[in-house]
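The following exercises are to be worked with the sequence and the coordinates at hand. Each task is followed by a stepwise solution.

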Amino acid sequence: MFFLHNLERTVTLHPSFFGPRTKEYLTTCLLDDVEGSCTGQYYIICVLDSFLISEGRVVPGSGVAEYTIQYRAVVWRPFKGETVDSIVTSVNQMGVFADVGPLPVFVSNHLIPPDIKWDPNATPPQYTDNKDQVIEKGTHLRIKLIGTRSDVGSMFAIGSVKEDFLGSLGEF
């Protein structure tokens, strides 16, 4: 689910960047540092604006200045039970690996409907029901998130395609 968050970050600036364009450089550094990053709880999708940049504080002994920037950002936090669209990146007999934007998701073969079976003789490797449902690399899948796990700078999820209206979305 997407949210709008007010966040804060401290940016250090070398003295060679002091001058009339300091604020512009600080904003560029902020965008480069945080957009597309993961905090372990959510992904920062995009920075909308920086609404408060503090006065610089010179760090004793080094000459660099620290600025505290308050900004608004669109963030995405995946929740247990959320239904998401993904693209399959890898298929093996244990299950399917897919990406939901920046979030890697694993769908175990136990969480795939029983009529869709692993076909070890197919090229490329795939799960199929020998009719119209094929799950292979590049397939668009609709997945329900069963659970998420957070590490310091990353997140992972387990998903299922075993319910109604989940599974392969066909070709795009």
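Four exercises follow, on overall form, strand pairing, salt bridges and nonpolar cores.

The model is a predicted one, in which local features need pLDDT of at least 70, side-chain atom pairs count only at pLDDT 80 or more, and totals for chains, interfaces and linings use all residues. Residues are numbered from 1 along each chain as its sequence is written, and side-chain values use heavy atoms, with hydrogens and water left out.

**Exercise 1. Overall form**

Task: Describe the secondary structure of the chain and its overall dimensions.

Solution.

Step 1. One helix and 13 strands make up the count for the chain; helices (H or I, at least four residues) and strands (E, at least two) are DSSP runs, numbered from the N terminus. In sequence order the pattern reads β-α-β-β-β-β-β-β-β-β-β-β-β-β. The chain is more spread out than a compact globule, because its radius of gyration of 22 Å is well over the 16 Å that the globule rule gives for 172 residues. This radius is taken over C-alpha atoms, and the rule is 2.2 Å times the number of residues to the power 0.38.

Step 2. The C-alpha trace spans about 65 × 30 × 30 Å along its principal axes.

Step 3. Of the 172 residues, 33% are buried; buried means under 20% relative accessible area, exposed over 50%, and partly exposed in between (1.4 Å probe, protein chains only). The area exposed by the chain is about 10200 Å², and carbon and sulfur atoms supply 54% of it. Such areas come from the Shrake-Rupley method with a 1.4 Å probe, and for residues only the protein chains shown count as cover.

Step 4. Contacts (heavy atoms within 4.5 Å) between residues at least 6 apart in sequence join residues at least 24 apart in 61% of cases.

**Exercise 2. Pairing around β4**

Task: Determine how many bridges join β4 to β1, to β2 and to β3.

Solution.

Step 1. Two strands pair if DSSP finds at least two bridges between them. Strand β1 (residues 2-13) runs antiparallel to β4 and is joined to it by twelve bridges. Within β4, Y67 is the residue opposite V11.

Step 2. Strand β2 is also antiparallel to β4, with eight bridges between them. Here I44 has V75 of β4 as its bridge partner.

Step 3. Strand β3 (residues 57-58) is joined to β4 by two bridges, again in antiparallel fashion. R57 faces E66 in β4. The two strands form a hairpin with six residues between them, and G61 in the turn has a positive phi of about 90°.

**Exercise 3. Salt bridges**

Task: Locate the partners of D49, E163 and R149, and state what the first two pairs connect.

Solution.

Step 1. Side chains of opposite charge can pair when their charged atoms come close. The structure contains six salt bridges, a salt bridge being a side-chain nitrogen of Lys or Arg within 4 Å of a carboxyl oxygen of Asp or Glu.

Step 2. D49 pairs with R72, with 3.1 Å between the closest N and O atoms. Since R72 belongs to strand β4 (residues 65-76) and D49 to strand β2 (residues 43-53), the pair ties together parts 23 residues apart in sequence. R72 is partly exposed at 30% relative accessible area, and D49 is partly exposed at 29%.

Step 3. E163 pairs with K144, the closest N and O atoms lying 3.4 Å apart. K144 is in strand β11 (residues 140-150) and E163 in the loop between β12 (155-160) and β13 (167-168), so this pair links parts 19 residues apart in sequence. Relative accessible area is 23% for K144 and 41% for E163.

Step 4. R149 pairs with D151, at 3.7 Å between the closest N and O atoms. D151 is partly exposed at 37%, as is R149 at 48%.

**Exercise 4. Nonpolar cores**

Task: Identify which residues touch the most other members of the largest nonpolar core, and which strands supply it.

Solution.

Step 1. A nonpolar core is a set of buried Ala, Val, Leu, Ile, Met, Phe, Trp, Tyr and Cys residues joined through side-chain atoms within 4.5 Å. The largest has 23 residues, among which V96, L103, V105 and I143 touch the most other members. At least two residues come from each of β5, β6 (95-100), β7 (103-108), β11 and β12.

Step 2. Beyond four places in sequence, the contacts of V105 include V96, F97, I143, L145 and A157. A second, separate core of 17 residues includes V34, V47, A65 and Y67.

Step 3. S86 lies in strand β5 (residues 83-92) and is buried at 2% relative accessibility. Setting aside residues up to four places away in sequence, S86 touches A98, D99, V100, T139, H140, L141 and I143.
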